[in-house]
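Please look at the sequence and the fold together before reading on. Some questions and answers come after them.

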Amino acid sequence: MSCTTFLICSLATLAPALCAIDISADRLRPFAPLPAVANSATNPITEDKVALGRMLYFEPRLSRSQTLSCNSCHDLAKYGVDAEPTSTGFRGQHGARNAPTVYNAAAHFVQFWDGRAADVEAQAKGPMMNPVEMAMPSEKHVVELLNSIPEYGTLFRKAFPGSDPVTLDHAAAAIGAFERKLMTPSRWDAFLNGDASALSDAEKSGFIKFSDAGCPACHNGPLLGGNSYKKLGVAKRWPDGKDRGRATISKDSGDKFVFKVPSLRNIAKTGPYFHNGSVPALDSAITTMAEYQLGRRLSAEDVKSIATWMDTLTGQLPAEYITPPQLPPSTAKTPRPETD
């Protein structure tokens with residue numbers, strides 16, 4: 001009796017070492033290990049930028065109510081999400097889309113579900129100025145607030161030497177520099193780097209089912225996604241047509257229901273799922289994607305097996321890097337919060 005990629009030996013008398021599942025190089029070719037840092041040619045990472053960016057990421061005074069920070073919706077201690085279908089913003093408002101994880105996001109080819117921001121630096125400005133989210137009334141207000149706190153002036157001058165260091169663009173660049181190091185390598189990376197023992201046979205079997213189902217057509221590369229747009233409902237009409245997806249931005253009818261493919265990194269920790277957070281459980285998300293994107297009806301056993309492999313994509317959070325910093329105090333010149 002021989003062991004193959006598709007056969008898990010069940011005979012108790014057969015040595016487990018003889019039955020180890022082997023994953024062929026062809027199956028692994030669409031994937032790559034996660035980079036250590038998501039570098040940027042236009043925003044080089046420096047220690048001073050990162051130090052400032054960490055503070056601004058946790059800074060609630062960058063919201064109109066002074067109660068919401070980047071971390072409110074992208075909680076770094078909770079794998080970069082708030083575990084809500086849609087996040088709560090200014091005056092209890094909710095947007096229409098789910099807040100995706102910030103971990104590994106800097107390596108995505110665009111930002112937001114519809115790709116309206118080119119990078120994390122551009123993305124960082126969006127929520128600050130969005131009236132439903134952090135709702136800052138103007139760029140001028142952001143600059144006035146930061147300038148009212150002397151410690152921030154010092155940090156901006158260190159991070160961005162030269163004239164006029166305190167700007168919204170510089171604030172976003174600092175946050176972006178901080179986010180570019182929010183990477184979470186996992187056991188999957190150890191496996192891709194040559195450690196065959198990093199995954200169990202059950203996990204390898206789950207990957208083979210994932211591969212055989214056709215999932216790598218969209219979920220590939222270092223992020224297992226995050227590198228392309230795809231239409232929802234390729235094989236079967238998507239049941240919820242409220243969100244037009246990328247067409248809202250491009251005004252192209254061909255982009256209707258087209259969204260950025262989400263990364264599967266930390267997927268077991270970042271529910272609820274899809275652009276509207278409508279699916280709370282990972283097994284349901286797997287089942288739905290197979291049916292509507294691939295035209296397949298997976299068995300409960302296969303879904304469980306794929307989810308078992310997806311657990312290997314859960315990375316280690318960088319505990320020291322994401323420790324909330326002590327923020328400088330407001331002064332008499334600092335604008336007051338607006339809550340009504």
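The questions below deal with buried residues, cores, cysteines and aromatic rings.

This is a predicted model, in which local features need pLDDT of at least 70 and side-chain atom pairs count only at pLDDT 80 or more, while totals for chains, interfaces and linings use all residues. Residues are numbered from 1 along each chain as its sequence is written, and side-chain values use heavy atoms, with hydrogens and water left out.

Q: Which residues of helix H5 are buried?
A: Buried means under 20% relative accessible area, exposed over 50%, and partly exposed in between (1.4 Å probe, protein chains only). Helices are DSSP runs (H or I, at least four residues), numbered from the N terminus. Helix H5 spans residues 139–147, and its buried residues are His141, Val142, Val143, Leu145 and Leu146.

Q: Which element gives the most residues to the largest nonpolar core?
A: A nonpolar core is a set of buried Ala, Val, Leu, Ile, Met, Phe, Trp, Tyr and Cys residues joined through side-chain atoms within 4.5 Å. The largest one has 39 residues, and Leu52 and Phe156 are among those that touch the most other members. The elements giving two or more residues to this core are H2, H4, H5, H6 and H7. The top contributor, with eight residues, is H7.

Q: How many disulfides does the structure hold?
A: A disulfide is a pair of cysteine sulfur atoms within 2.5 Å. The sulfur of Cys73 has its closest cysteine sulfur in Cys70, 8.8 Å away, which is too far for a bond. For Cys218 the closest is in Cys215, at 8.7 Å, again too far. The number of disulfides is zero.

Q: Why does the pair of Trp188 and Phe191 count as stacked?
A: Rings of Phe, Tyr and Trp (its six-membered ring) pair if their centres lie within 6.5 Å; planes under 30 degrees apart count as stacked, over 60 as edge-to-face and the rest as tilted. By this rule there are 15 aromatic pairs. The rings of Trp188 and Phe191 have centres 5.8 Å apart, and the pair is stacked because their planes are at 20°.

Q: Which helices hold Trp188 and Trp309?
A: Both Trp188 and Trp309 are buried. Their ring centres are 5.3 Å apart and their planes are at 80°, so the pair is edge-to-face. The pair ties together parts that are 121 residues apart in sequence, because Trp188 lies in helix H8 and Trp309 in helix H12.
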